[in-house]
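Work through the exercises below with the model open beside you. Each one sets a task and then solves it in steps.

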Amino acid sequence: MERNLRRQQRSVHGHPWRKDVLVKPDQLDGNTVAPNAIWTTAAANLLTFYSVKNLTVDGSGQLDGNGAIWWTCFNQKLLAFGSCNNLWVKSIHLKDSPDKHMTLYRCSQVRVNNVSVTAPGDSPNTDGINMAFSDHVYISNCSIQTGDDCVSILSGTSDVNITNSTCGPGHGISVGSLGGDSSTALVERITVSNCSFSKTLTGVRIKSWQGGSGKANGFLFENLNMTDVQFPIDIDQFYCPLGNCPPKDSAVAISDARFINIQGTSSNPDAIQILCSESVQCRGIYLDNINLSCSGHTAQTRATILNAYGTIGGTVKPHVRFLGS
């Protein structure tokens, strides 16, 4: 990254790129477009930064993944960071990734600010920002419109703060999925605050598979606005997207999740879902000042609570009843 590059076609890790690209220290300008033909059938990233310390990716540039040709076949991600510490990504635009737009893997001390992500609402697996085995990640002032999770937080991740950002369309901001293939998960200290969700599948969600183990705890979801969100508040220990998972006793233990000052509308009556395992019940759930009504006032919203212990502070609509209350 110590020189300027301006060419009509450039190869990055062997993959051809085209169209007026400027890369220099701390700056990305121009419109960088992926090839308009499928150039590999292997899992790959279009642009990867690995084991770089004190890296800043900044500028007015756009990375265009030309994703539509990939969405029915292969697994290519747009922008990947691996083992990067003290990373700052700001003011760039990511568009139409073949798969996930930005991934953080084993990264620490990360700031993502004023980044926009756009992909059609029906584009598969196009998560906005996906992270695993990372810590101290701060995401602020971002606009994310995708066909999957706006932000997904996977196992091994801790100390994440997402604030002043918008999500939608997409699947919301998700912790998980956790515990797949009977794995052990660990996620701790996640905060989502002052964010808006519009026409998403979920608002804030914690999802885990049956058969997993480990723990997910220390969540604060605060000052959130929902507009036509299908499931604004969702904890699901029975995550099974294909619907054919056999019952299992073990589960990732979910605890200490606080939902405070969440307002807006749900596109279906089930505004709050907290579905927990009988053998590994959810504990320490706290709801305070929740007001969720059904879009168009066609029905009353409701809450479905299964095997969860928690407390209520202030007004909560729809009505919630925890175990032991």
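A salt bridge is a side-chain nitrogen of Lys or Arg within 4 Å of a carboxyl oxygen of Asp or Glu. Keep in mind that this is a predicted model.

**Exercise 1. Salt bridges across the chain**

Task: Find out which residue Arg302 pairs with, and which strands the pair ties together.

Solution:
- Step 1. Arg302 forms a salt bridge with Asp270; their closest N and O atoms are 2.7 Å apart. That fits the 4 Å limit.
- Step 2. Arg302 lies in strand S28 and Asp270 in strand S26 (residues 270–275), so the bridge ties together parts that are 32 residues apart in sequence.
- Step 3. Now check exposure. Asp270 is buried, because its relative accessible area is 17% and buried means under 20%. Arg302 has 44%, so this residue counts as partly exposed.

Task: Place the salt bridge of Lys90 in the chain.

Solution:
- Step 1. The partner of Lys90 is Asp58, with the closest N and O atoms 3.8 Å apart.
- Step 2. Lys90 sits in strand S9 (residues 85–90) and Asp58 in strand S6, 32 residues apart.
- Step 3. Lys90 is buried at 18% relative accessible area. Asp58 is partly exposed at 21%.
- Step 4. For context, the structure holds 10 salt bridges. Asp159, Glu188, Arg189 and Lys215 are linked in a network of them.

**Exercise 2. The second largest pocket**

Task: Say which residues lie nearest the centre of the second largest pocket, then look at how two of them pair.

Solution:
- Step 1. The pocket has a volume of about 270 Å³.
- Step 2. Its lining has 15 residues; Asp149, Gly176, Ser177, Lys207 and Tyr239 lie nearest the centre.
- Step 3. Sort the lining by class: three residues are nonpolar, six polar and six charged.
- Step 4. Strands S20 (173–178) and S22 (202–208) each supply at least two lining residues.
- Step 5. Lys207 and Asp149 form a salt bridge, with the closest N and O atoms 3.6 Å apart. Lys207 is in strand S22, while Asp149 is in the loop between strand S16 (143–145) and S17, 58 residues away.
- Step 6. Lys207 is buried at 5% relative accessible area. Asp149 is buried at 3%.
- Step 7. Inspect the backbone too. The peptide bond from Gly176 to Ser177 is cis, with omega near 20 degrees. Ser177 belongs to strand S20.

**Exercise 3. The sheet**

Task: Give the strand order of the open sheet of 10 strands and name its edge strands.

Solution:
- Step 1. The order is S5-S8-S11-S14-S17-S20-S22-S24-S26-S28, with parallel pairing.
- Step 2. S5 and S28 (302–306) are the edges, since each pairs on one side only.
- Step 3. Neighbouring strands are turned by 15 degrees against each other on average, direction ignored.
- Step 4. Take one pair from within the sheet. Strand S17 (residues 151–153) and S20 pair over three bridges. Ile153 has Val175 in S20 as its bridge partner.

**Exercise 4. The cavity**

Task: State how many cavities of 30 Å³ or more the structure holds, and describe the lining of the largest.

Solution:
- Step 1. There is one such cavity.
- Step 2. About 50 Å³ of space lies in the largest cavity.
- Step 3. Its lining includes Ile139, Cys142, Ile144 and Ile173.
- Step 4. By class, the lining has eight nonpolar, two polar and no charged residues.

Conventions. Residues numbered from 1 in each chain as written. Predicted model: local features only at pLDDT ≥ 70, side-chain atom pairs only at ≥ 80, totals over all residues. Heavy atoms only, no water. 1 Å grid on protein atoms, 1.4 Å probe; cavity = no way out; pocket = protein on both sides within 12 Å on 5 of 7 lines; lining within 4 Å. Points joined across faces, edges and corners; volume = space filled by probe spheres on them. Nonpolar A, V, L, I, M, F, W, Y, C, P; charged D, E, K, R; others polar. Helix = DSSP H or I, 4+ residues; strand = E, 2+ residues; numbered from the N terminus. Pairing = 2+ DSSP bridges. Axes fitted to C-alpha atoms, helices over the stretch in contact; angles between N-to-C directions. Buried < 20%, exposed > 50% of the residue type's maximum accessible area, 1.4 Å probe, protein only.
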